[in-house]
Amino acid sequence: MGTSDAEFEAFVAAHGPGLLAFARALTANRSDAEDLMQSALTSAYARWPSIRVDEALAYVRRSIANGRVSLWRRRSSREVLGFEMDVVSYEHHDEDTVERLALRAALLRLPRGQRVVLVLRYLLDQSDAQIAEILGISLAGVRSQAHRGLKTLREQVESPGRQDKDEPTPVRRLS
């Protein structure tokens, strides 16, 4: 095992949990998130000698985001409505947990661009400039997506007519 392999293993050990959290926030379930992360890391490993160490994290994050976009594009005719399998009953949780689950469900209903920007900004604490670089869009695009996403989240979470908490949230699934 060469130096490159050791560096890659150290990178994955240091950033793996954060990358999985990022992928999980972009997907409807853990297995899709793990698949996205695995694909991104496989791609990064193949190119590892040519990736600059200071850009490796951004490279893998962008690869995860691009992989998710590819899944969205591929699902056109195979898409079916289903229910989120890992949604748990709200009745045995405290108020903070219920609010967190409601916020997560609302986040999953956002358009992909808004969701990715909000996850990068608030979950991974990235600046607008970093988000623009990761996604390959302008600063204005980042700010616009964030503004629209936050507005929609506020409307969904604060709306008195939101879904009954006892029913699972319908999500789009791949067959």
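This note covers the nonpolar core, helix 4 and the largest pocket of a predicted model.

1. Basis. In this predicted model, local features need pLDDT of at least 70 and side-chain atom pairs count only at pLDDT 80 or more, while totals for chains, interfaces and linings use all residues. Residues are numbered from 1 along each chain as its sequence is written, and side-chain values use heavy atoms, with hydrogens and water left out.

2. Core. The largest nonpolar core (buried Ala, Val, Leu, Ile, Met, Phe, Trp, Tyr and Cys joined through side-chain atoms within 4.5 Å; buried is under 20% relative accessible area, 1.4 Å probe, protein chains only) has 36 residues. Phe11, Leu19, Phe22, Leu41, Val60, Ile64 and Leu120 touch the most other members. Among the elements giving two or more residues are helix 1 (3–26) and helix 7 (139–158); helices are DSSP runs of H or I, at least four residues, numbered from the N terminus. Helix 1 gives the most, 8 residues.

3. Phe11. Leaving out residues up to four places away in sequence, Phe11 has contacts (heavy atoms within 4.5 Å) with Gly16, Leu19, Leu41, Trp48, Ala56, Leu57 and Val60.

4. Helix 4. Its 14 residues should span 20 Å at 1.5 Å a residue, and the end C-alpha atoms are 20 Å apart, which agrees; the expected span is 1.5 Å times one less than the number of residues. The buried residues of helix 4 include Thr97, Val98 and Leu108.

5. Pocket lining. Of the 14 lining residues of the largest pocket, Ala25, Leu103, Arg104, Leu107 and Leu123 lie nearest its centre. Lining residues have an atom within 4 Å of a point of the pocket, an open set on a 1 Å grid over the protein atoms alone, where a 1.4 Å probe fits, with protein on both sides within 12 Å along at least five of seven lines. Helix 4 supplies the largest share of the lining, 6 residues.

Conventions:
Buried means under 20% relative accessible area, exposed over 50%, partly exposed in between (1.4 Å probe, protein chains only).
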